[in-house]
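Work through the exercises below with the model open beside you, and try each task before you read its solution.

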Amino acid sequence: MLQQGWVIAAVSFAYLGVLFAIAYYADRRADRGRSLIANPTVYALSLAVYCTTWTFYGSVGRAAATGIGFLPIYLGPTLMLALGWFFLHKIVRVAKANRITSIADFVASRYGKSQLLGGLVTVIAVIGVVPYIALQLKAVSNSFTILLNYPAIVMPASGGAVPLWQDSALYVAVILATFTILFGTRHLDATERHEGMVAAIAFESVVKLVAFIAVGVFVTFGIYDGFADVFDRAEAVPRLAKLLVTADTAASYGSWSALTFLSMLSVLLLPRQFQIAVVENVNAAHVRRAVWLFPLYLFLINIFVLPIALGGMLGFPSGVDADTFVLTLPMAHRQEALALLVFIGGLSAATGMVIVETIALSTMVCNDLVMPVLLRWRSLGLAARRDLSGLLLAIRRWAIAAILMLGYVYFRAAGEAYALVGIGLISFAAVAQFAPAVIGGLYWQGGTREGALAGLLAGFGVWAYTLLLPSFAKSGWLPDDFMTQGLFGIALLRPQQLLGLTGLDEISHCMIWSLLANIGCYLAVSLRRAPNAREARQATLFVDVARGHPGLAGWRGGARVADLLPLAARCLGPEKARAAFARHAQSRGIEFVEQLPADADLVHFAESLLAGAIGSASAHAMVASVVQEEPLGLEEVMSILDEASQLRTHSRELEVKSRELEKATAELRAANERLRELDRMKDDFISTVTHELRTPLTSIRAFSEMLHDDPKLALSERERFLGIIVGETERLSRLINQILDLAKLESGRAEWRTAEVDLGEVARESVTSFSQICRDKGIAIDLQLPAQPVLVLADRDRLIQVMLNLLANAVKFVAPATGRVEVRLRVTHQEVGVEVADNGPGIRPEERETIFEKFRQGGQDVMTDKPQGTGLGLPISRQIVEYFGGRLWAESVPGQGARFIFTLPLPDRR
Amino acid sequence: MNRSSLTAQRLAALFLLGCALFDYPLLALFNRSSEVFGIPLLYAFLFGSWFALIVLMALLMERRED
């Protein structure tokens, strides 16, 4: 039955019909809010759009040529998905936050919504990927042709050999274009998501996996007797045995690593992968399952690759292309149904790739290439068009058709040439050029627009020179002398031994040079200047996505609903735009759309709404055309600077204040300390005073009681007791007088009778009053006075009080019989000094000042009994001397006596 | 340290493990023409370690967040 082409065609159309039904159903479900694809398993399956016909048919071909060498293409994505929690998850969140519609949009948006950058990414993607689309056309058309010849195994003729109207690839291209247009551009979605398409892609992933595993099981267990059997037979053939190991050379491992790395990048950066993994993602949490389920899918679809390749090579003569083994092995064993299933599997691999890739590319072409140009032509009157949504859809449809036709033209021109065989990897290497701008942009805030442009241009240039042009040359489109002799005959410029680098395969060679140029230029140019305000804003949005929306910092100015709503309506259609605005109003708690405040928030909303439809760069340009986002004027800059400098001033003031506060605290603490000391001293004073008063009182009382109680006491005893009582009473009154005196002096209420006093006379009088006591005790007292009188301004009685005090101290401390007290008067030209020296025990250094404190008596542990006196004499004396502007201090060498010296100023001699 | 950060670190560790398994020099150890259970050694090693890696990732990602 397969000989009839219409059977195959009917089955194919039936399959496409099923796909369409699934898509339609999923769209309907989504409209009712019950999304079919809001499911992590569907997400993981849809990621398998990675496996195209290049996997479905090509893996076996590659395995037949290089053995295990097909595997890095699938190990790389496994590794990348292990990093998925870092990369993919972050990219998805960034894309959702910024309503990214494609990888071109992503790069453009990251570097300050640059239209130029978006355009460049689009151009690279189209050039890099169109040949890959051609590969799908070729695979479908070849498999169709092979199946048509069933049961004979006939390799299809080279593409250019058949006339155009008989070329099945042309019809495949037309059908796929129609299908994709029906699929992807039925309506313009504000979020650029295609629920139906994703559901269909997930379904296709299942179909191609089932088909491939069916062939694998058939070959391994139907034709042969399990894995071990296939491998055993292969081992026996030397040509096949060497496929089971890889060449043990550095170049072989190097190319293995390069392929792993390349496929790691491709699984994220190919436009279709970005579309499915990022743009179509419903929920960032779905990445969680994809991390293991997608690698598992890749694992399953690769298990049977080597057995099929070996089986084909064992079973077929050398004329059969290994790329067709998947199909020709079932045919050779007359498995019609299986062959048809394989054809459908191949078709699903091709349609999946073509649909997603062309939708992604058409979005990029429309949003980042055509719209910016159209918007620039304001004279075209585009801004005046009431409804742009129709135009947008038309651009996308034409873009899809054009891309598929480009693919067909490439296929037609390349034919069976080299260019198709290696094109999968050449495409991978092209999109790998996005890696520095994308990954750098996600983790480094310093990248600038020029840096990204320079990196992309350099990387793309090197890619084109080392990989694309040589592939053209090998296809015979270009003379190949530049390959062998280098450009202009310069050997160093040979494209695949650039600068003399040899020993690498062409892919590794291209990867090394292109990424070196790319990353180098990206870094070097980025570092030439700091990012400007807009780049910095976008950088924050991308790099710090985890911190949430940073607010609308940088957005200034607003626009009225009346301006923005028509703008959105032009791109989305009036109903959709109005509904979106209404939702926005509702979310802000505003009843009517017209009441929305004309602020930056509204502008931001409108821009992101438009971004979903026409890409961020175009949306920015469009919104800017009505909003006139006010640039920061000089005034604003000044006010910002002002604020900053004020802040700095305030902080400096704060610093000063806190330092002052610290100082004040320290002073307060000291004062408090002093107060406590004073308080303690007061307590001491009171307790000392009462103690001092009690001692004479006790003895007075004791003797009085004795006199009172014992009337028979002898007269002499009575007289002695009365004498003691009188003496103690005198001491008591002296003490009280001194206390009162000191209190008066300290409070400044003492009475002073200041007059000219002869200090010599004061000294003489004082010494005289002590001469009797000295004589009694056997103490020598010596007075040395100048001849003429020494006149000072003071209170005579007070000075006598000081002298008596000092003399009393001296007499008190010297030993009887050997004691000696000297009083000397010395006059200098400004002051007069009075010195009272003794040969007593002296004063210890630590006591030299404390003896001037109240109730502190010196020598308390020198003398066996408590010194007599009140402990108030010296403080009172010091108060008196200081009142008259003099000083009183003590000098002493312990063991050699003490000297008390006071000075008084001499009155001015006018 | 919260759980999601720990999960991310474990995944990163699995990534490093994968890098080690799927590249020189570990690869070279198994690049010999011998067999385990009739399967060529290199083939068995790559698919075996690949599968083990996937199982580890699945266990890590599908654990209930409790």
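**Exercise 1.** In this predicted model, find the residues with the most contacts inside the largest nonpolar core, and then list what Trp50(B) touches.

*Solution.* Begin with the core itself, which has 210 residues, and in which Ile308(A), Phe434(A), Trp463(A), Leu46(B) and Trp50(B) have the most contacts. Next, take Trp50(B) and set aside residues up to four places away in sequence: Trp50(B) then touches Leu71(A), Tyr74(A), Leu75(A), Thr78(A), Pro295(A), Leu298(A), Phe299(A) and Asn302(A), together with Phe22(B). Finally, note a second, separate core of 49 residues, which includes Ile800(A), Val821(A), Phe852(A) and Leu874(A).

**Exercise 2.** Decide whether Gly84(A) is buried or exposed, and describe its surroundings.

*Solution.* First locate Gly84(A), which is found in the loop of chain A between α5 (72–82) and α6 (87–98). Its relative accessibility is 1%, and because buried means under 20%, Gly84(A) counts as buried. Then look for contacts beyond the neighbours within four places in sequence, where Gly84(A) is in contact with His89(A) and Val287(A). As a distance check, the C-alpha atoms of Gly84(A) and Leu347(A), which lie 263 residues apart along the chain, are separated by 29 Å.

**Exercise 3.** Which residues make the nonpolar surface patch of about 420 Å², and is Leu59(B) buried or exposed?

*Solution.* The patch is made by Leu17(B), Phe51(B), Val55(B), Leu56(B) and Leu59(B). Helix α3 of chain B (residues 41–62) gives the most to this patch, with four residues, and Leu59(B) is found in that helix. With a relative accessible area of 55%, Leu59(B) passes the cut-off of over 50% and is therefore exposed.

Note on methods. Residues numbered from 1 in each chain as written. Chains lettered and ligands numbered in written order. Predicted model: local features only at pLDDT ≥ 70, side-chain atom pairs only at ≥ 80, totals over all residues. Heavy atoms only, no water. Patch = residues over 30% accessible without salt bridge, like charges linked within 9 Å, V, L, I, M, F, W, Y side chains within 5 Å. Areas by Shrake-Rupley, 256 points an atom, 1.4 Å probe, with all protein chains shown as cover. Salt bridge = Lys/Arg side-chain N within 4 Å of Asp/Glu carboxyl O. Helix = DSSP H or I, 4+ residues; strand = E, 2+ residues; numbered from the N terminus. Buried < 20%, exposed > 50% of the residue type's maximum accessible area, 1.4 Å probe, protein only. Core = buried A, V, L, I, M, F, W, Y, C linked by side-chain atoms within 4.5 Å. Contact = heavy atoms within 4.5 Å.
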